[in-house]
2 protein chains.
Amino acid sequence: MSPSASSEPASDRVRLRRKRERGSHERAAIDAILDEALIAHLGIADEHGQPFVVPTLHARRGDVVYLHGSTASRTLRALRAGAPACLTVSLLDGLVLARAAMQHSANYRSVMLLGKATLVESSAEKLTALEAIVEHIVPGRWAEARTPTEKELKATAVLALPIEQASAKIRTGPPMDDEEDHGLPVWAGVIPIVSEARDPRQDPRLAPGTPAPPSATAYRRPGRP
Amino acid sequence: MSPSASSEPASDRVRLRRKRERGSHERAAIDAILDEALIAHLGIADEHGQPFVVPTLHARRGDVVYLHGSTASRTLRALRAGAPACLTVSLLDGLVLARAAMQHSANYRSVMLLGKATLVESSAEKLTALEAIVEHIVPGRWAEARTPTEKELKATAVLALPIEQASAKIRTGPPMDDEEDHGLPVWAGVIPIVSEARDPRQDPRLAPGTPAPPSATAYRRPGRP
């Protein structure tokens with residue numbers, strides 16, 4: 001059995017998780033969650049009110065979240081046409097086992113951004129956005145990889161979603177059973193869930209003798225040794 | 001460095017990941033992804049076409065995905081009123097490092113369900129749904145926890161989303177660089193990402209001497225030792 005949360009080392013991340021608040025508009029919390037999440041879920045609705053939620057790569061730079069995709073993608077075409085969007089990222093931190101079945105829950109940190117995305121037109125900002133996305137996937141990778149060509153840039157739509165209407169939801173800590181349930185002989189607690197990286201696997205077509213860079217060999221998910 | 005994917009042990013899961021298809025309507029693949037994912041992202045749009053995407057717990061039973069929430073929740077009220085929904089689950093399996101910056105990607109498995117949710121009215125089916133959700137969080141847990149009371153059932157809305165309009169998207173395997181980029185002296189490959197459980201942490205208020213059950217101590221994410 002691990003020690004309880006109170007014996008964890010102090011850090012911004014841990015303090016955040018201890019707050020137990022479920023709704024937060026604090027910008028620092030929002031940025032930290034956007035930056036830690038590897039994928040986002042992007043929602044747009046069609047003209048009949050039917051929403052579509054698709055997983056996508058994203059990256060934050062300052063007050064903007066960048067997204068990219070093929071210029072032919074239906075989702076990106078709708079966004080370019082001004083459809084209101086919702087971008088949600090969620091980090092699952094634990095499974096909450098309460099004494100009562102109804103109090104079972106999850107510890108998580110999530111951010112929801114509402115707004116309209118704008119199309120990034122200039123090649124310079126497109127490059128900035130793509131660098132942000134590649135660096136978001138693996139820090140240090142942009143300098144190692146082949147830079148996009150003008151032709152590749154043209155075939156790629158880059159969208160910027162401003163961080164304006166943004167909120168964070170965080171659940172942390174032990175289960176919240178009713179007082180009268182605390183006497184039940186039922187174990188209660190939290191099973192922590194972590195997202196971890198494993199050793200990189202090289203492309204079977206890699207040219208012999210090409211060394212794996214530290215960006216890959218030393219890659220770690222935030223907070224993991 | 002780990003061996004490449006081709007030396008992995010054969011299993012249904014691995015075979016699925018080797019297919020490299022990005023779109024799949026196969027029901028078995030859809031069910032496996034719904035069952036492995038711990039959280040789902042539920043999208044609904046308001047009358048102005050503004051979508052909202054919220055993380056939620058879910059569970060599949062046969063041809064239905066169950067969701068639950070407070071009867072007062074805005075999302076659940078909209079769903080009950082017949083709003084079309086989209087439920088998406090995504091499992092991130094790896095970060096794809098290509099030679100070209102533009103070819104960076106992620107290996108993932110995701111399912112998108114479209115449709116209208118129906119409100120579960122009978123207490124019997126509500127209990128079935130809540131059992132499915134608790135068992136989805138931690139298998140074996142339903143029998144250990146206190147069963148919901150009639151009052152708790154009344155305060156909980158349970159919705160059923162049929163698995164009818166469903167599709168899976170799967171990306172697996174190494175990066176897909178252009179042929180002419182294979183000669184570049186740039187390392188390429190995949191960093192596997194896994195979701196793992198850690199040792200359970202007991203509730204600080206747990207009555208002394210309450211043993212942790214195997215549902216918690218032996219809990220493992222699918223595919224993890």
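**Figure 1. Strand β1 of chain B with its partner β5(B).** In this predicted model, β1(B) lines up with β5(B) in the antiparallel sense, and four bridges hold the pairing. To find one of these spots, look for B:Ile44: its bridge partner in β5(B) is B:Ala85. β1(B) itself covers residues 40–45, and six of its six residues are buried. Which residues sit on each face of β1(B)? On one side there are B:Ala40, B:Leu42 and B:Ile44, and on the other B:His41, B:Gly43 and B:Ala45. Both of these faces are covered. As a rule of thumb, side chains in a regular strand alternate between the two faces of the sheet.

**Figure 2. The hairpin of β1(B) and β2(B).** Here β1(B) meets another strand, β2 of chain B (residues 51–56), and the two run antiparallel with six bridges joining them. B:Leu42 is a handy landmark, since you'll find it opposite B:Val54 in β2(B). Five residues lie between the strands of this hairpin. Keep an eye on B:Gly49 in this view, which takes a positive phi near 80 degrees.

**Figure 3. A close look at B:Ile33 in the core.** The largest nonpolar core has 127 residues. Which of them touch the most other members? That would be A:Ile33 and B:Ile33. Leaving out residues up to four places away in sequence, B:Ile33 touches B:Val89, B:Leu91, B:Arg109, B:Ser110, B:Val111 and B:Ala168.

**Figure 4. Strand β10(B) and the strands it pairs with.** Let's start inside chain B: β10(B) pairs with β5(B) (residues 84–97) in the antiparallel sense, over four bridges. One place to spot this is B:Val96, whose bridge partner in β10(B) is B:Val190. Now cross over to chain A. Strand β10 of chain A (residues 189–197) runs antiparallel to β10 of chain B (residues 189–197), and five bridges join the two. Within β10(B), B:Ala197 is the residue that A:Ile193 stands opposite. Chain A also brings in β11 (residues 201–202), which pairs with β10(B) in the antiparallel sense over two bridges. B:Val190 turns up again here, this time opposite A:Arg201, while A:Gln202 has B:Gly189 as its bridge partner.

**Figure 5. The side of chain A that touches chain B.** How many residues does each chain bring to the contact? Chain A gives 84 residues and chain B gives 84 residues. Several elements of chain A give two or more residues to this side, among them β1, β2, β5, β6 and α4 (123–137). The largest share, nine residues, comes from β10(A). Sorted by type, the residues on this side of chain A come to 55 nonpolar, 17 polar and 12 charged.

**Figure 6. Around the rotation axis.** Give chain A a turn of 180 degrees, with a shift of 0.0 Å along the axis, and it can be laid on chain B with an RMSD of 0.0 Å. That is the relation of a two-fold axis. The same surface serves both copies, as 100% of the contact residues of chain A recur in chain B. Which residue of chain A comes closest to the rotation axis? A:Ser195 does, with its C-alpha at 2.2 Å.

**Figure 7. Chain A on its own.** For a wider look, chain A has six helices and 11 strands. Of its 225 residues, 44% are buried. Among the contacts in chain A with a separation of 6 or more, 73% come from residues 24 or more positions apart.

Terms used
Residues are numbered from 1 along each chain as its sequence is written. Chains are lettered from A and ligands numbered from 1 in the order in which they are written. This is a predicted model: local features need pLDDT of at least 70, side-chain atom pairs count only at pLDDT 80 or more; totals for chains, interfaces and linings use all residues. Two strands pair if DSSP finds at least two bridges between them. Two residues are in contact if their C-beta atoms, placed from the backbone, lie within 7 Å. Ala, Val, Leu, Ile, Met, Phe, Trp, Tyr, Cys and Pro count as nonpolar, Asp, Glu, Lys and Arg as charged, and the others, Gly among them, as polar. A residue is buried if 20 or more other C-beta atoms lie within 10 Å of its own, exposed if 12 or fewer, and partly exposed in between; C-beta atoms are placed from the backbone. Copies are superposed by least squares on the C-alpha atoms of residues with pLDDT of at least 70 in both. A nonpolar core is a set of buried Ala, Val, Leu, Ile, Met, Phe, Trp, Tyr and Cys residues joined through C-beta atoms within 7 Å.
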